[in-house]
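Me: Could you take a close look at one part of this predicted model for me? I'd like to know how the first helix packs against its neighbours.

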Amino acid sequence: MYSELKTIIEAAWENRELLKDNATQQAIRTVVELVDKGSLRTAEPLDLEKSLWQVNEWVKKAIILYFPIQPMRKMEAGELEWYDKMELKHGYEELGVRVVPHAIARYGAYIAPGAILMPSYVNIGAYVDTGTMVDTWATVGSCAQIGKHVHLSGGVGIGGVLEPVQAAPVIIEDNCFIGSRAIVVEGAHICREAVLGSNVVITGSTHIIDVTGSEPITYKGYVPARAVVVPGSYRKQFPAGEYSVSCALIIGHRKESTDKKTSLNDALRDFGVSA
């Protein structure tokens, strides 16, 4: 369907001289417009039941190539002033998105009808699905994929990624709760209905240790569906001695029958942990 656009983008990626060509610039702008409208995604689910996703590298390339073809310009809002290449997203009323001052989303980010942006920031290439709340001072980085009915609590940091183009973006699947000041970066994948407690840090190399069984099971960069996760630490030997290293602990799992709209506090309280 988008094979012609893909061919043009791939050619421009290999030969930046093509960025001077009007047809190439139009192709890049068309891709960014499609991403803005949600018709194209930098990563898309292949099988949500199995949490299988595909990264569309050529779409990420188009977003990267969008920067050099955009002119710098001054933007003003009353006494406030900015100087940048990127437009901001507009038309929220028509989009059916509630946006509280001073929420900001860049053009090229898709915000689905029914989403709520508290004072927060959503970067280009991101996808925020319906019913999701991006709470106060939360950030959604470039190309991050946020599912339906997700709650990104206050101060949550969702990392972005553009380069390297083969790197996977952060993925937060449907009905997840991400606790206050939690950080999810480096292409980490949080599967559906998972709950991250406050201050949990998930990177591509974080040890995510399931301690619910008789033996620990360790994941990296991946939180299984319906897992309930809190901050933890483990002891590690270094040349200078043994020290505590931060990790994340899976202390339980939400039942499949659990109300998906239950609050973060309630989900953690079931396991005797405060949010």
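Reply: Here's a walk through the two helix contacts, one after the other.

Keep in mind that this is a predicted model. Let's start with helix 1, residues 3–14, and helix 2, residues 22–37: their axes come within 9 Å and cross at roughly 120°. The crossing of this pair is left-handed. On the helix 1 side, the contact uses Leu 5, Ile 8, Ile 9 and Ala 12. Helix 2 answers with Thr 24, Ala 27, Ile 28, Thr 30, Val 31 and Leu 34. Sort the residues of this contact by character and you get eight nonpolar, two polar and no charged.

Now for helix 3, residues 57–69. Its axis and that of helix 1 come within 9 Å, and the two cross at roughly 55°, so helix 1 is oblique to helix 3. The handedness of this crossing is left-handed. Helix 1 brings Leu 5, Lys 6, Ile 9, Glu 10, Ala 12 and Trp 13 to the contact, while helix 3 supplies Trp 58, Lys 61, Ala 62, Ile 64 and Leu 65. Here the split is eight nonpolar, no polar and three charged.

Put the two contacts next to each other and some helix 1 names come up twice. Leu 5, Ile 9 and Ala 12 are part of the contact with helix 2, and Leu 5, Ile 9 and Ala 12 are also listed for the contact with helix 3. As for charge, the helix 2 contact has no charged residues, whereas the helix 3 contact has three.

Notes
Residues numbered from 1 in each chain as written. Predicted model: local features only at pLDDT ≥ 70, side-chain atom pairs only at ≥ 80, totals over all residues. Heavy atoms only, no water. Axes fitted to C-alpha atoms, helices over the stretch in contact; angles between N-to-C directions. Helix = DSSP H or I, 4+ residues; strand = E, 2+ residues; numbered from the N terminus. Left-handed = near helix turned anticlockwise from the far one by under 90°. Contact = heavy atoms within 4.5 Å. Nonpolar A, V, L, I, M, F, W, Y, C, P; charged D, E, K, R; others polar. Parallel < 35°, antiparallel > 145°, perpendicular 65-115°, else oblique.
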